[in-house]
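I opened the notebook to look up a few residues, one sheet and the nonpolar cores. The entries follow in the order I checked them.

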Amino acid sequence: MSHAPEANKDMRDLSEGWRVSDGAHSVALPVPGDVHSALLAAGIISDPYWRDTETSLDWIHESDWTATKVFDVEAKDDGHWTLSFDGIDCVAEIRLNDVLLGLTRNRFLRHDFDAGHALLAGENRLQVVFRSNSAEAERLAAASPYPVPYISWNNRLAHYNFLRKPQCDAGWDWNIALSPVGFCGPITLKRTTPARLDDVMVRQRHQPGGDVRLEVDLHYSAFTPGTVEAELVCDGMTTAHSVQVWPGEGKTTLTLTIKDPDLWWPAGHGRQHLYALKLRFGTERRSLRIGLRQVELVTDADETGHRFLFRVNGREIFMRGANWIPADALPARATPEAVRDMLTSTVEANMNMIRIWGGGQYEPDWFYDMCSELGLMVWQDFMFACNLYPAHDRDWLDSVRLEAWQQIRRLSSQPCMALWCGDNEVIGALNWFEESKADRDHYVAVYARLNAVLEEAIAEADPDVAFWPSSPSVGRLDFGDGWHDDTSGDMHFWDVWHSSKDFEHYRTVQPRFCSEFGFQSFPSNRTIASFTEPEDRNVSSRVMDVHQRNPGGNSRIVETLARYFRFPDRFEDMTWLSQVSQALAMKTAIEFWRSAKPRTMGTLYWQLNDTWPVASWSSLEYGGGWKLTHYLARKFYAPVLVTAQPDEATGEIVLWAVNDTAETVHLHVTACRVSMSGLISEAGSWALPCPTDRPVEVARFPADSIGDTEFLNFSWQDPDGAHAGENDYLPRRPKDYRFADPEIHVEDEGESISLTSNLPALFVTLDHGGSDIWSDNGFTLLPGIPKVIHRSRARGGIHGDCKIRHLKN
């Protein structure tokens with residue numbers, strides 16, 4: 001599915017052999033790669049993630065850096081020569097043999113420079129001078145005719161809203177502020193005549209009878225008049241025609257109809273069938289893989305307000321997932337291998353959608369290839385988040401317009417694409433700054449200019465997925481508060497974390513689609529050990545504060561522990577208990593909102609991953625290890641779920657069965673009451689069909705039917721055993737129970753572990769000292785009933801003695 005061109009004799013790859021220098025240091029610079037990682041590999045700097053190293057490395061982003069490559073061209077043949085950079089981060093001058101080819105100011109653009117006038121037969125010297133991003137941001141802000149506020153409480157580095165680079169490179173409430181510079185993708189030198197193929201735009205038109213008409217636009221730049229042969233091949237069929245080109249930009253369209261296609265489906269709903277699609281434009285060739293699917297955003301009116309859901313191939317699908325941020329704060333570490341590990345974990349946790357958040361980056365081709373192969377739908381933000389932006393600047397807007405065109409076209413072939421969204425929380429940001437609150441009309445008008453450019457780019461490209469103006473939003477041309485409106489649009493619900501409200505507060509809203517919500521925890525003790533000395537391992541130490549970027553975050557984690565749990569004696573137990581707390585928060589929210597289906601039709605929690613080792617909202621800690629929330633996500637995101645929810649009107653506890661599959665599932669559900677002393681009492685058994693369009697009530701329990709020392713445990717299974725699970729409901733907070741200290745017998749056979757307890761044990765967690773993935777974790781042990789877990793995926797961790805943790809007095 002990559003748009004990378006096939007190799008040919010007229011193309012030179014210039015990605016190897018670069019060196020970068022600031023005048024005092026000279027190191028090899030891989031492509032793709034960044035200066036920080038290059039300096040680290042050369043032993044010039046220490047690991048930026050270690051303790052409080054961060055600010056001692058500010059000299060790197062405050063300096064200018066010159067990257068140099070020398071290459072030979074045997075003969076300067078006729079034709080047009082183009083030097084292309086797949087991404088430059090960010091402000092740079094490009095010189096070939098001391099001839100200035102151009103300037104770059106946008107990390108999110110592919111840059112194509114005319115190079116023939118500077119190219120020599122024989123040896124050539126190519127230089128890219130990276131200017132200090134932080135200095136350039138300060139300069140642009142000082143030159144602005146009016147203030148353009150940025151979130152100074154999140155961004156350690158100022159005014160990055162003036163730069164077209166990942167906004168979180170300046171820091172965020174989970175990110176280190178390094179502001180890396182470097183190359184983001186391949187560098188090529190290409191000779192073409194009479195025209196160069198620039199972009200490919202693929203559209204799918206699904207016909208009433210089931211056939212799919214492919215429309216493929218070839219966007220090109222012509223340099224001399226001439227004729228070019230264009231060809232499209234897919235599913236054994238070929239279409240071709242001759243294109244008369246004239247100097248300038250142009251477009252030609254090829255069409256082809258696929259009869260009775262095999263459709264591509266999101267994970268859990270069918271196969272991810274992919275077709276080979278081959279293109280030829282003159283001597284240039286490109287190969288893609290596409291999946292045929294129809295994705296619709298449904299926002300029609302209903303009795304509550306307006307729906308917000310995704311319909312794929314005619315099927316309304318509840319989206320279960322999380323928000324994706326850049327894979328690493330050091331770009332060179334965000335390798336395909338590391339990313340595939342995290343995306344695999346995403347699917348293993350029963351997710352079918354990720355949201356690529358607008359303060360990060362458009363990911364490389366191979367990222368979307370992986371999502372398409374795995375069946376992960378992608379909600380794609382344009383790269384604007386939480387700040388206001390200088391959309392008064394015509395040159396800046398023109399760059400954004402080109403960025404949007406390139407990205408929409410680049411990703412148009414990917415079946416994983418589900419939505420283009422204008423920005424993250426920029427409408428909300430209008431209410432955050434004194435300047436915009438004092439002159440709202442002015443800043444709304446500037447915002448509208450930016451949003452209009454994006455909407456116009458979508459209209460021009462006409463992709464086969466929808467555009468949504470902002471997140472959160474109640475709809476197009478509405479600049480109101482989408483944060484607290486649960487009747488229409490998508491919602492960000494942050495009251496529980498930022499306002500320190502109880503987990504039960506999640507049950508006060510029923511979003512149509514909740515695209516952000518979350519709760520923090522500390523990373524594992526193994527990860528904490530990777531960036532601390534032993535004396536740092538205290539919740540209020542300076543180093544733990546440095547690795548917590550949300551003001552008051554560590555205090556909020558600790559305060560919540562005291563609300564829900566008996567406070568532990570040891571730091572190591574407290575970090576584990578913070579993960580129990582986070583998991584309980586997400587379980588409370590998501591199970592309730594799933595029980596509100598079809599009013600609620602999607603939950604994407606914040607956040608999936610981390611960029612460095614930090615206390616955060618992630619369920620995958622830095623390095624890809626699973627926090628307890630990710631293990632519980634595998635359960636609360638199971639396609640078929642039974643959950644217990646309190647009925648606020650009657651006080652009863654109601655069991656609901658939820659089915660997100662395509663067919664009705666017949667379930668057998670059993671429940672029991674479990675006392676802290678180990679007594680298990682049957683509470684009922686039911687057989688029932690569970691439809692796909694709505695939850696079905698299984699049973700009701702009077703509030704007083706569960707004793708003060710009891711909790712409810714229930715399990716379910718369909719006749720084939722394809723959908724089976726177990727769940728608990730505690731009528732009281734965990735600290736209100738008196739957990740006896742159970743005797744847990746462990747038999748460790750390496751690839752599997754069997755545990756048996758004489759008393760109930762909750763949130764039983766296996767910490768094997770490594771990072772392998774287990775079939776279950778954070779589970780309940782009932783007395784006398786063995787639990788066997790298996791190593792489901794080895795991830796190369798170092799294994800040590802088996803440690804078992806569970807809730808206790």
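Where is the place of Asp464? I found Asp464 in the loop that lies between helix H9 (440–461) and strand S28 (466–468). I note at the start that the model is predicted.

Entry on Asp464. I asked next whether Asp464 is buried or exposed. Asp464 has a relative accessible area of 15%, and I count it as buried because the cut-off is under 20%. I then listed its contacts, leaving aside neighbours within four places in sequence: Val202, Arg203, Gln204, Arg293 and Val295. For Gln204 I also have a polar contact, since the Asp464 side chain reaches the backbone nitrogen of Gln204 at 3.0 Å. I checked Tyr150 as well, which is 314 residues from Asp464 along the chain; the two C-alpha atoms are separated by 34 Å.

Entry on Glu215. I located Glu215 in strand S15, which covers residues 212–222. Its relative accessible area is 19%, so by the cut-off of under 20% I put Glu215 down as buried. Not counting residues up to four places away in sequence, Glu215 touches Met201, Val202, Arg203, Arg205, Leu254 and Thr255. I see that Val202 and Arg203 are in the contact list of Glu215 and also in that of Asp464.

Entry on a sheet. In what order do the four strands of the open sheet stand? I read the order as S39-S40-S44-S42, with antiparallel pairing. Strand S39 (744–748) and strand S42 (773–774) are at the edges; each has a single partner strand, and therefore one side of each has no neighbour in the sheet. I then looked at the pairing of S39 with strand S40 (residues 752–757): the two run antiparallel and are joined by five bridges. Within this pairing I noted Glu747, which stands opposite Ser754 in S40.

Entry on the cores. How many residues does the largest nonpolar core have? I record 149 residues, and those with the most contacts inside the core are Phe310, Trp324, Leu343, Phe382, Trp420 and Tyr605. Helix H14 (residues 571–595) gives the largest share of this core, 13 residues. Another core lies apart from it and has 35 residues, including Val20, Val27, Trp81 and Leu96.

I followed Trp420 further. Residues up to four places away in sequence aside, Trp420 touches, among others, Tyr362, Phe382, Leu411, Ile458, Val465, Phe467 and Trp468. Phe382 is thus a contact of Trp420 and is listed with Trp420 among the residues with the most contacts inside the largest core.

Note on methods: Residues are numbered from 1 along each chain as its sequence is written. This is a predicted model: local features need pLDDT of at least 70, side-chain atom pairs count only at pLDDT 80 or more; totals for chains, interfaces and linings use all residues. Side-chain values use heavy atoms; hydrogens and water are left out. Buried means under 20% relative accessible area, exposed over 50%, partly exposed in between (1.4 Å probe, protein chains only). Contact means heavy atoms within 4.5 Å. Two strands pair if DSSP finds at least two bridges between them. A polar contact is a pair of N or O atoms within 3.5 Å; within protein, one must be able to donate a hydrogen and the other to accept it, and residues adjacent in sequence count only if both atoms are side-chain atoms. A nonpolar core is a set of buried Ala, Val, Leu, Ile, Met, Phe, Trp, Tyr and Cys residues joined through side-chain atoms within 4.5 Å.
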